[in-house]
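Colleague: I am new to this structure and would like to know how its descriptions are justified. Could we go through them one at a time?

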Amino acid sequence: MNGGAQSNVNFDTSEIAAWYDADQGLIDKKIFVDPKIYALEQQRIFARAWHFMCHESHVPNTGDYFINHIGQDPVIVARDDHGQVQVMLNNCSHRGNVLCRAEMGNTHSFQCSYHGWNFTLDGKLKSVPGHEPFYRGKLNKDCWGLTHAAKVEQYKGFYFATLDADAPALRDYLGEVGRIGIDQMSVHGELVAVDGIQKNIIECNWKIAVDNLYDWYHVNVTHRSAMKIGFVNPSVMQPMQQTVLLGEYGHAISGPGISEEQQKVLDSLTDEERVSLDAMSPDERAKLAPRITERRPIRPANMKQEMGPVGVRAMGHPNIFPNLWISTRALQLSLRIPRGPLKTEVWWFTFMPKNYTDEQRRIAMKFMSHSFGPAGLFEQDDGENWTYSTKAALGPASQRQPHNLQMALGEDEVREDPSGQKSIDSAVNEHAQRWHYRCWSDWLKAENWKELIINKSVVPSGKV
Amino acid sequence: MTATPAVTENTWERLQIVDRIELQYQVDQFLYHEAHLLDTRQYREWFQLVALDIHYWMPIRRTVTIRNIEREFTRLGDMAFFDDDYKDLRMRVEKFYSSSSWSEDPPSRTRHLVSNARITEWDGNELSVCSAFHMLRTRLDDTSEQFHGRREDRLRVNGQSFLLAQRHIYLDHTVIQATNLSSLF
């Protein structure tokens, strides 16, 4: 079921506005199953937003390619002869057949398996079998190259693409919160992609897979077994100190945070002291710095400059709207790719800092290969929750009952640091989930980028 | 156990046919026995068959062209679905008994079918065995899945039976068409 994403759908703005009630924190369940709403998301979110394509180290050499998706549109990401990263629709310009059928590799050119049209690494139509005898030399090859993404840009080696020429520059799109999200990864130093992307299919709506990454309420229940078997310690499962950052266009960071007092303790430490703290067991650490035992790694001193005095305290999960999650240890990225209203393909990319010792690498790989992905000791237990939260909306009576996102609604305050950075410092909450759906609604209501830029929600101040 | 030729040399090809048949029979019975333990949810009993130096590994398979076929599977040390030592595997086993392992409570119904077991090496103490598996799984009321592929095992003589010292699992799937891999292979 692909949800008929290709056909244009139109809804009244008032109808769209009713799907998410921001004042009450209530979601109309049909947004998780309705094929027409899914089609609208494809047009107004996926065909418009910036999407993570790959890291520079996924395609280091000329001819390296990598298949990704922008919503329902398959794309080829390739390093061309000039060293540029190209993003092109993975459809032959002749009859639309999928051009590149491998998910990765290295090639000189892309040849279609249907009639043999052959394209260069930057998408030009190079040769057409039978051009003289059959086309009588009349096909203008210059007009039949591959369709390129409207823009391809990178931030710190992470390549993004958008299909909409009116999209703002990537840096502006990410905004401060999106950039802090990626900075959580770049804080580790120069990164190299680890070979192998875990991919699996979950029968759920993509939005449920996304909003779950902000959800620190489920951790202690859904993932209790990971704690019981000793994979993680209880303080990691539900840290009481939470810091939420909300960003324009729907980006956010939500989860554990470092309080201002804890940050003061950290600020007094040298980088060497921070590294040695990281290496300690939680008990050893507690003796030295009783209030900073919950999260690690501890960021080096210069990151406060880079991320700002508030950003540096955010240790939770960033999501780059719509569907790019930067995970716990900030060495993994996850895409939640919509494959129809009731189907999501979950991808896990893994990175390793170049400067890691073998032992650091071993420890990091051990944690990452056992946390997420379909066999992950955490993620094994997520999928069915998402599947049945999605499918609940299929029954007419069940559908009338909204999803409840009311936790801490109206109870917390957005505080603005003298630097201008804003955060909500609180206990476990659902502020980021509400922000996600509020912005999702903005995207769907806007006819185009211009409207979205004018009408998008402003990051709130005061009570939230 | 059967004949005990010189250690650390692959003598499988040189064994008498009758010794080969006996060894093959013992290997088959071991593979069926552990499949039975997994399918009857006797995970701790299954874990008794695991050697302390186990490497339990399932690399990621990719769709690649024949030109790039050497990259079909991720390599040791790169990302994998499973990359477990004894302690890791024990966590997976204990997870079944943790009373909050929702992916397995209600539990899956699995059927491990194992065939085509070929002994490729035998040094008097350890065997290399390559087998094909087809694992069928149903969950709750509406989920039916299947996993199939090849296993490359190392079995070590342990009294009248074996210990599993290596299980490398090469799935036939690239994108896993399942919510999770909460089962053992």
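Modeller: This is a predicted model. Let us start with A:Asp425, which, leaving aside its neighbours within four places in sequence, is in contact with A:Thr243, A:Gly257, A:Ser259 and A:Arg415. The residue sits in strand β23 (residues 422-426) of chain A.

Colleague: What makes those residues contacts of A:Asp425?

Modeller: Two residues are in contact if their C-beta atoms, placed from the backbone, lie within 7 Å. A:Thr243, A:Gly257, A:Ser259 and A:Arg415 are therefore the residues that meet this cut-off for A:Asp425, once neighbours within four places are set aside.

Colleague: Why does A:Asp425 count as partly exposed?

Modeller: Buried takes 20 or more other C-beta atoms within 10 Å, and exposed takes 12 or fewer. A:Asp425 has 19 C-beta neighbours inside 10 Å, so it counts as partly exposed.

Colleague: Which residues of α12(A) are buried?

Modeller: They are A:Ala364, A:Met365, A:Met368, A:Ser369, A:His370 and A:Ser371. These residues pack against β19 (332-338) and β20 (344-353) of chain A, together with β2 (80-84) and α3 (86-96) of chain B.

Colleague: How do you know that the span of helix α12 of chain A is close to what is expected?

Modeller: The expected span is 1.5 Å times one less than the number of residues. Helix α12 (residues 358-371) has 14 residues, for which 20 Å is expected, and its first and last C-alpha atoms are 20 Å apart, so the two are close. Just after the helix, A:Gly373 has a positive phi of about 80 degrees.

Colleague: How many residues does each chain give to the contact between chains A and B?

Modeller: Chain B gives 32 residues and chain A gives 34. On the chain B side, β2 and α3 each supply at least two residues. By class, that side has 12 nonpolar, 12 polar and 8 charged residues.

Colleague: What makes the radius of gyration of chain A agree with that of a compact globule?

Modeller: For 464 residues the globule rule gives a value near 23 Å, and chain A has 23 Å, so the two agree. Of the residues of chain A, 47% count as buried.

Colleague: Why is the largest nonpolar core said to lie between the two domains of chain A?

Modeller: The core has 146 residues, and A:Ile76, A:Val77, A:Leu245 and A:Ala252 touch the most other members. Domain 1 (51-155) and domain 2 (176-463) of chain A both give residues to this core, so it lies between them. The C-alpha centres of these domains are 34 Å apart. Their contact takes 7 residues from domain 1 and 12 residues from domain 2.

Colleague: What is noted about the backbone at A:Lys156?

Modeller: A:Lys156 has a positive phi of about 50 degrees although it is not a glycine. Most residues other than glycine have a negative phi. A:Lys156 lies in the loop between β11 (151-155) and β12 (158-162) of chain A. With 13 other C-beta atoms within 10 Å, it is partly exposed, because exposed would take 12 or fewer.

Colleague: Which residues does the cis peptide bond at A:Pro322 join?

Modeller: It joins A:Phe321 and A:Pro322, with omega about 5 degrees. A:Pro322 is in the loop between β17 (317-320) and β18 (324-326) of chain A. In chain B, a cis peptide bond joins B:Asp105 and B:Pro106, with omega about 5 degrees.

Definitions and conventions
Residues are numbered from 1 along each chain as its sequence is written. Chains are lettered from A and ligands numbered from 1 in the order in which they are written. This is a predicted model: local features need pLDDT of at least 70, side-chain atom pairs count only at pLDDT 80 or more; totals for chains, interfaces and linings use all residues. Helices (H or I, at least four residues) and strands (E, at least two) are DSSP runs, numbered from the N terminus. A nonpolar core is a set of buried Ala, Val, Leu, Ile, Met, Phe, Trp, Tyr and Cys residues joined through C-beta atoms within 7 Å. Domain bounds come from an automatic or database domain assignment. The radius of gyration is taken over C-alpha atoms; the globule rule is 2.2 Å times the number of residues to the power 0.38. Ala, Val, Leu, Ile, Met, Phe, Trp, Tyr, Cys and Pro count as nonpolar, Asp, Glu, Lys and Arg as charged, and the others, Gly among them, as polar.
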